[in-house]
Structure formats: C-alpha cells, structure tokens
Amino acid sequence: MIILTNDNNPNALKLIIGLKLAQQSVEINTVSCRDAVLGYLPSLQLPSGSSLFSTSAALQFLIPTPEESSVLINKWLEWDISQLQPALVSYGGSGKLDTSHKPRIWSLLKELNRCLKSKERLIETNTVLSVADVSIWVSLWSTIAAVEVSKELTKEFPHVQEWLNNLESLPVVQESLKEFKFERGMNAIGSIQAASWFPLNSYTGGTLNKQLSNEVNTPKEKEVASISEEEILNVKKNWTSKDYPNLKEPSYPVLPKKGEKNILITSALPYVNNVPHLGNIIGCVLSGDIFARYCRQRNYNTLYISGTDEYGTATEAKAVEENMTPQQICDKFFSIHNDIYRWFSIGFDYFGRTTTPEQTEIVQSLFLRLKDKGFINMETIDQLLCEKCDRFLADRFVEGTCPGCKYEDARGDQCDGCGHLVNATELLNPRCKVCNNSPVIKPSVQFFLDLPKIEPILKKWAAKTEGEWSPTARVVAKPWLRDGLKPRCITRDLKWGIPVPIEEYKKKVFYVWFDAPVGYISITKRYTKDYEQWWKPKDHDVSLYQFMAKDNVPFHAIMFPASLLAADNGHTLVNHIMAIEYLNYEDTKFSKSRGIGVFGTDARDTGIPADVWRFYLAYIRPESQDSNFNWVDLATKNNSELLNNLGNFVNRALTFAEKNFGSKVPPMELREDDLIVLALAQRELSQYVAALEKAKMRDALRHILAISKHGNQYMQSQEPWVKIKGSDDDKKKAGTVIGVCSNLACLLSALLGPYMPSTSRELRAQLGLDKISYGYIPDTIMTFLPAGHKIGKPSPLFSKIEDQQVELLRKKYAGKQDSPSRELKSVIPAAATDAAALEAAIVKQGLLVRDLKAKGDKTIWQPQVQILLQLKKQLAELTSSTTKINSQSTPVNAKKSVSAATSELNGGGGQDVATLEAAIAKQGLLVRDLKTKGDKSVWQPEVEILLNLKKQLASITGAPVSAANDKKSKKKK
C-alpha cells in the first residue's frame, strides 16, 4: 500500500507501523500539502484506489479492533486526535516552545501516567501492539519526548517514560523507523500542524506560525471537488427565492390539531428521594427538552410533560432516614428537582408529580378496567411481617443472611455479597431494618397483571413500532419479548401509595412500577382538562416520544404498553422509546454521600453557565454506549469548540460588520466560492435536521460546529480585512463575505436554540433580531438577513475555562476514592497468618459493613463488602490448605488442634492475642444484637462473658480492661 505524506510528518510513522503489523508492503511518497486531496496528510492509498485521510481510521482498517476492547481503543484514538495532538501543536507550533501551555500538556500526561501505572500497554491485546498504543506513542515519542522538557518526563511521569522506552525497543517499531527517517521535536510538530486541521482552541492563543499557515489549503481547494453542480444550483436558487418562515405564536394549552404534526414528549419521572446528578439529567429531562425545543422550532404542535415519581418504598425509606413523613420528603425533593431543572433551562410545558387526586383516579380506574377484562389475577404469597412495627416488610426494610453465600447483610431483593436475586422470605435470620426485630412469615393476597395473556397483542404491537426505538431500547426489550412474560405483581402491603379500590383490600397499595408511568397521563390532566386529546385521540394522530436511561426500558416497552393495550380504551401508545446508556463520572460512579461527581445543585456553584453544561452533556450523550464526564474534556470542548470555533466565527463576522459597514448587513453578490461554503453549510443543515428528527442529539450538535468551522475557514481564506482596503471590487467582495457570514451566524442562532437557549437568544439580540424567539429551523439555507439589516452590538458569547479552575473543580468533586487493595491491607492485621487473626478481621469488617449499610449509600459500603468477601475467601483458602496438609501428616493431632482452638473461644488455655481478639469481636457483636432487643436478663450474662474474655486478653498484653459499665458508674458518682 502507498502512504502519501508531507516531509517529516511523524503521523506517517503510525501508518508504517500499522502496515508492518498487518504484514503489508510499504511504499512512501512525499508530496506537498497543496498536492494532497483535501490537503490532509498523511493518507493511505488502498489497492482499490480509495484513500483514507484519517490516520485513526487507516490504523483500524489495517488492524481490526477486537470487539471486547473497541470502546476503549476508540476512546484513546479520539483522545489522541482531539486533545493530545492539538495540545502538542499549541505547545510548539509557533517554532518555539510556549511554556504557558505546559500545564495543559502535563495534565494530559498525568492522565496517561495514571492509566499506565499497573500495565505495560494502554490496551492489552493478543497482537504485539494495539492501534491506540501505536498512535499515542508516535505522537509523544516524535514530539515532546525529543525536546528539552523531556528530561522532566522521567521524574514526573515514570510510567509514561517506561512505556515510551519499551515500545521504542520493539522490533516492529525499529523496522518502521528504518523505513521513514524524520527529525523529531519541533520540526515534527510543525509538519503535523502543516497537514492537519485542529479547531483553534484555548491553548493556541489563536495564532499560527505564518510560514506554516500558508500551507493550509482553503475550503475551496480542499472540498470543491466534492460539491456537485446540482448542490450549487439549489443553493443559488434557495438563496433568493425563499422567505424565512416565522415561528408560530405559543398557545395555552397546547393541543393537537388534525392534519398537523402533533408531538407528545415525556421524560422518565425522576424519583423523588434524591438529588439528580448529571447522568440523571442528560438521561431523561435534558434529552427530552432538547428534542421538545427542536420540535417547537419546527412549528410542530409539541407538548412536553414530566414530573416527580413520589410513591413507593424508596420514599418511605428516605422518610425514615430523615425523620420526616413521606409527604414531607416528597415536598422537599419536588422543590429541589424543580429548582435544578429551572436553572438548567428545562422547558417543560408542565412539571407535575404523582401524589395527586388525578393520579389516584386514573390508576384505580385503569386497574378496575383491567380486572373487569380478565387481565388481573390474585395469588397468595408469603411475606415477612414485623409484628412490632405492625407492617409487612418490603425488600428495602428487611435484611438477613443470604441463603447462598451466607453474607449476613443481604437485602430483601438482592444479596450484595454474591449479587444473586433473593426473595425476602428466603433470607436466613431476617431482621426488620427499622426495629431490628425478627419478622414472621405470613401469607398475603396480592394482585397480578396477567402478562402472558397480554403477550400476543404486545408482541404484535412491538413488532410494528420497535423500528423507531433507539438501539439501546431494542437491545434491552428484546430478551423480555423473546423469553416469554410471566405474571407480575402490581400490589404491595405498604402504607405510602395509591390504595387498591376494593374494600377488603384497601390497605394494599399499587406497586410503583404500575402506578408511575400513569403519571404521564395524570400530569397532562393537571395541565389541561382536554388531556384526552393527547392520550385518547379520536380524529388526529399523536406521536409519543419517551426519553429515559436504559434501566427504565422494561417499564416503558413492556409493562406500561401492556396495561394500555389490555385496557383497550384508545390510549396513545409510545412510538419512539429514546433510551440511552449511562453517563459515568471521571471513570467512576456518581455518589452524593462520597462527594463524587457533579449533582444538579452543584452545577450552578461551579460558575460555569447552564448553557455550557447543556452543550457538553449533549456532546457526550451516551447514545450507543456508556460515556464519561471528564473535567479536562469539558474545558477543552468549551475553549476549542465554543470559544474559538463557534464564538470566534460569529464575533469576527459581526464585529467586522459593525466597524466597516455601519452595523448593517452589506450587499451580497454571490460567486462560486461563496456558493461553495453555502453548499457545505447546507449539507450540515440537512444532516442536522435528519439527526434531530430521530432524536440523535449528539450527532446533530456536531453539524452545528461543522457549520461554524466552514465559516471560519471561508472567512480566513477570503481575508475580508485585506479586501476592505483594496479596490472597489475588493470592497464589494469583502461585503459579500461578511454578509454570507452574518447569515450563517443567523442560521447558527436558530440551530443552537434546542441546545443552548440563552446563548441563542443572546446571539439573536446581537444580530438585531427578536430575542424572545429562538428562530425557525429551516430545511434549506436562504437569505435570513437581507442587505441593509441593522445588527445589534457584538460581544463575546463564551469565556475561557482556565486550567486552574478545572483542577480546583476536579479536586472538589473527586470525593474520597480509596482503592480496595489499599483498604484491605489496613483491615488485615500485620500478623494475619493464621485462621484466628483472619476471623478477627472478618468480624471487625462485618461490623463496619453493617454500620455503613445503616447509612444507606451503596457506593460507600459496597467496596467494604468486597473486602469482607476477600477476607472470607482468604480464610477459606487457609483453612482448606491447613486441613489438607494436616490430614496428610498427623490427622489425630490436627483434630486435637481444632478442638483446642475451639475451646479457646470459651476461655480455655493456650490462647494467643489474635484468637482472643476474634472471640472478643464475636462476643461484642452478640452483645450488641441482644441489647437492641432490650431484655437485660438475656444480654447481661453475655456481657460477663465478654468482660472475662477481655480480662484474659489483658493478662497477656498487660493492657487495662475497659468495663462495659464504666461510663454509667462515673456518671452516678
């Protein structure tokens, strides 16, 4: 295969290594940037005649990515091209090292060093090297590793330095270096810059080396060959023949209309017992809002409904934890959610809640209709009853020993020790989490939705509609529809919920999964008395879009539509289930109690505008796989894409119009190069509309940025600041350029509306337009601002996020993240070489887990559970190996040793410190449990045993004995 490259470009080395690994022949042709198609180098010419201009794409073509590591490889390749290389070019692209950009480089190297801490490669594969290792190694080795600051690498980033050295010594790398000789360091950086396009960003300072920038081709030279004559003719026609439509005046209430496009949008009702984090926000309400704003700007009849989900055991548990009533908890968190969403500019038509009379009425009515139609069954099931609390215990209110792994703090629905699902009645030694008493098993009659009976019509409906669901929704729903449905319980013996409308069962309430989705209907009824026009349409069509994270898919794809289909009452059924994957925080999970991650109440405290948060969350929206929030990436996207790409383009155009054309749009006489940039923008506009029609927000956002990129390149190549000083013809051309750019800015103001509403309004004000409106989103580019239109006062739309600010915020929301291995070392005693010492550590760790679980945050106690399980595993292995050795040598003595060890726990002779500590810890746990039950006659004898054990320990160690009654005795004195 043939590699085309400019002189000294180290990116060509990446392709050479790739070809060597793929065992392909290598031919290298050196060309100038002007002779390259599109002006990008290096490129790889395939035997078919096609060319690959993306180095990352070429590497992945040569070395297919293993499926199991594809996500990680793509992440690192994007990191190289979007963060590392632009930073390197900024650092040395001017021909000398600009030390003001060193912190940015060091931040990236710190991240890389952390990832290489415990492994030899970024990606462990069966091949010699992954494409990610190849790409990043060449980027670093050829540039910063060859300049004077390289001496600091060894000291500050030892793992990176070791990785660089190891890869350099590989035979495939040495062979490749012989094929392509180039000068490392500053010249290599210059060659990368000359043949690559990176968005101007916060660390370039907006300046390029003049000699190098002359090599960069204009948009016309790069892309004119791909623009068809038909595209040019269409752009020319639309520019003059179409009028820009106005947005419809908003109405109240919003109601569907016959013959028009009626869009009903819901976002999964956020549960009311917590503060939403960034993942929750993009997972439902922000995604729904972006789509709703888009639909409104297309003049569709659009209603966006959401609210808080307020019934269920989680609310009861939170109320117990905070010593409040369930209603008080709901009121508190409803207000918190409402405030957060207002700050994020979430534009609901109505944000309601499920604790309303309308909800009760509709849920009970639906239940009775399903019962009358034969879709409700009754079954008797065994449940745990706490006689002291006089309540049946839902899964969140009971704990006990797992019947499988014997983990002592398994929940009533799942064991966190082994991960298996359990029924509350299967727990060994169950206990009520409220009073710690042992519950009894009692039968209880419950109502079940007969899903097997509904399954045929549900499958028929799903087959017709699932093509419009997101890929994530289809993947999650498929096993449910494939494996067959089972009857599902819809009632519980709780107090906080909607009561069953049958006299003898009125103490039962509906399960939250059955009640919550009905909230969409009841909240719409709170909004308008004509709610049935949306939910039971008769002479018009309604398209229902529902936004959620993947964990909510079963309820929206199976349970809720099954209930509505069985009711057969003409309800609107979901057409588009727009589910996404999860958003993580800096490669870990969000945790409010541990201070990890940004929650809704935190975002406004950062000083970063809500629009920037909206932009970045949409940019990283996990549409097909889990994605990751990263502070450095947030700053990079803000500074490069918003500040120096989009903001730079708009501000340059409007400022030029203000200074040189009296704040008016100048006359425009379009020529070929003007039509080309409009054709390129039209392509992006068409793809933007196509993406948002399918609610692909992340993809659509990139087309906005592409339009401003084309505008920047167009303005840079036309140089209106030069032409305005030239002949009359040159001045006219400068006017045309600024007129075209002003019109593109107007288009951008509309396209930004769904994502950044405040920014959109501000830009419209600068354009001299009505800032109350966001502007209509058109299908085609036309003259939005005619010649003579008076613009407003230009000012920067965005501000830079400094590296220092990023580091402060990163530390503030990093929380405490001790590694399990480090914690494990602190748990196990230094002398833990026998079973007794491990038993002592297990008991202590068990106490810690129990205390932490009482506080409720799984992110805190789950790592401690893993430590506990590891300790138990070590004990099992030690016991097993000891038994095996002793059984092969002295089985009689072994049995005596075991008996002796057992007697030691009861105060026998021969004790050592570890054994007594284990016995004391166990006895202390017993005393603690007995004391919670309150009967002194029961626990007092056990206290005496505990004190006796402590005395024995004191006689060995010489430490004083602490009596259980010391504190009380002192108080009496």
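**Figure 1. Trp137 and Trp141 in helix H5 of the predicted model.** Helix H5 spans residues 131–141 and contains both Trp137 and Trp141. The two tryptophans are four residues apart, about one turn of the helix. Both side chains are buried. In this predicted model, the structure holds 36 aromatic pairs. Trp137 and Trp141 form one of these pairs, with the rings stacked at 5.0 Å centre to centre and 15° between the planes.

**Figure 2. The aromatic pair of Phe367 and Phe447.** The rings of Phe367 and Phe447 meet edge-to-face, with 85° between the planes and 5.3 Å from centre to centre. The pair links distant parts of the chain, the two residues being 80 apart. Phe367 belongs to helix H16 (residues 357–372), and Phe447 belongs to strand E13 (residues 440–449). Phe367 and Phe447 are both buried.

**Figure 3. An aromatic cluster that includes Trp613 and Trp631.** One aromatic cluster is formed by Tyr585, Phe590, Phe599, Trp613, Tyr616, Phe629, Trp631 and Tyr813.

**Figure 4. Charged ends over tryptophan rings.** The charged end of Lys75 sits over the ring of Trp76, at 6.0 Å from the ring centre. For Arg488, the charged end sits over the ring of Trp513, and the distance to the ring centre is 5.3 Å.

**Figure 5. The open sheet with strand order E9-E8-E13-E14.** Four strands make up this open sheet, and their pairing is antiparallel. Strand E9 (391–392) and strand E14 (488–489) are the edge strands, each pairing on one side only. Strand E8, residues 376–386, is joined to E13 by 10 bridges, and the two strands run antiparallel. Within this pairing, Leu385 has Val440 of E13 as its bridge partner. Strand E13 also carries Phe447, the partner of Phe367 in an aromatic pair that links distant parts of the chain.

**Figure 6. The salt bridge between Lys20 and Glu179.** The structure holds 37 salt bridges. In the one between Lys20 and Glu179, the closest N and O atoms are 3.0 Å apart. Lys20 lies in helix H1 (residues 11–21) and Glu179 in helix H8 (residues 171–179), so the salt bridge ties together parts that are 159 residues apart in sequence. Lys20 has a relative accessible area of 23% and is partly exposed. Glu179 is also partly exposed, at 38% relative accessibility.

**Figure 7. The salt bridge between Arg391 and Glu316.** The closest N and O atoms of Arg391 and Glu316 are 2.6 Å apart. Because Arg391 lies in strand E9 and Glu316 in helix H14 (residues 313–322), the pair ties together parts that are 75 residues apart in sequence. Strand E9 is one of the edge strands of the open sheet. Arg391 is buried, with a relative accessible area of 16%. Glu316 is buried at 8% relative accessibility.

**Figure 8. A salt bridge within helix H14, and a salt-bridge network.** Glu322 and Lys318 are joined by a salt bridge at 3.6 Å, N to O. Both residues lie in helix H14, four residues apart, about one turn of the helix. Glu322 is partly exposed, with a relative accessible area of 26%, whereas Lys318 is buried at 17%. Elsewhere, Lys261, Arg298, Glu693 and Asp779 are joined into one network by salt bridges that share partners.

**Figure 9. Confidence along the chain.** The chain has a mean pLDDT of 84, and 84% of its residues reach 70 or more. Confidence is highest in strand E5 (residues 262–267), at a mean of 98, and lowest in helix H10 (residues 210–213), at a mean of 32. The pLDDT is below 50 over residues 817–833, a stretch with 24 contacts in the model beyond near neighbours in sequence. Residues 963–973 also have pLDDT below 50, and this stretch has three contacts in the model beyond near neighbours in sequence.

Key: Residues are numbered from 1 along each chain as its sequence is written. Side-chain values use heavy atoms; hydrogens and water are left out. Rings of Phe, Tyr and Trp (its six-membered ring) pair if their centres lie within 6.5 Å; planes under 30 degrees apart count as stacked, over 60 as edge-to-face and the rest as tilted. Buried means under 20% relative accessible area, exposed over 50%, partly exposed in between (1.4 Å probe, protein chains only). A charge sits over a ring if NZ of Lys or CZ of Arg is within 6 Å of the ring centre and within 35 degrees of the ring normal. Two strands pair if DSSP finds at least two bridges between them. pLDDT is the predictor's confidence in each residue, from 0 to 100. Contact means heavy atoms within 4.5 Å. A salt bridge is a side-chain nitrogen of Lys or Arg within 4 Å of a carboxyl oxygen of Asp or Glu.
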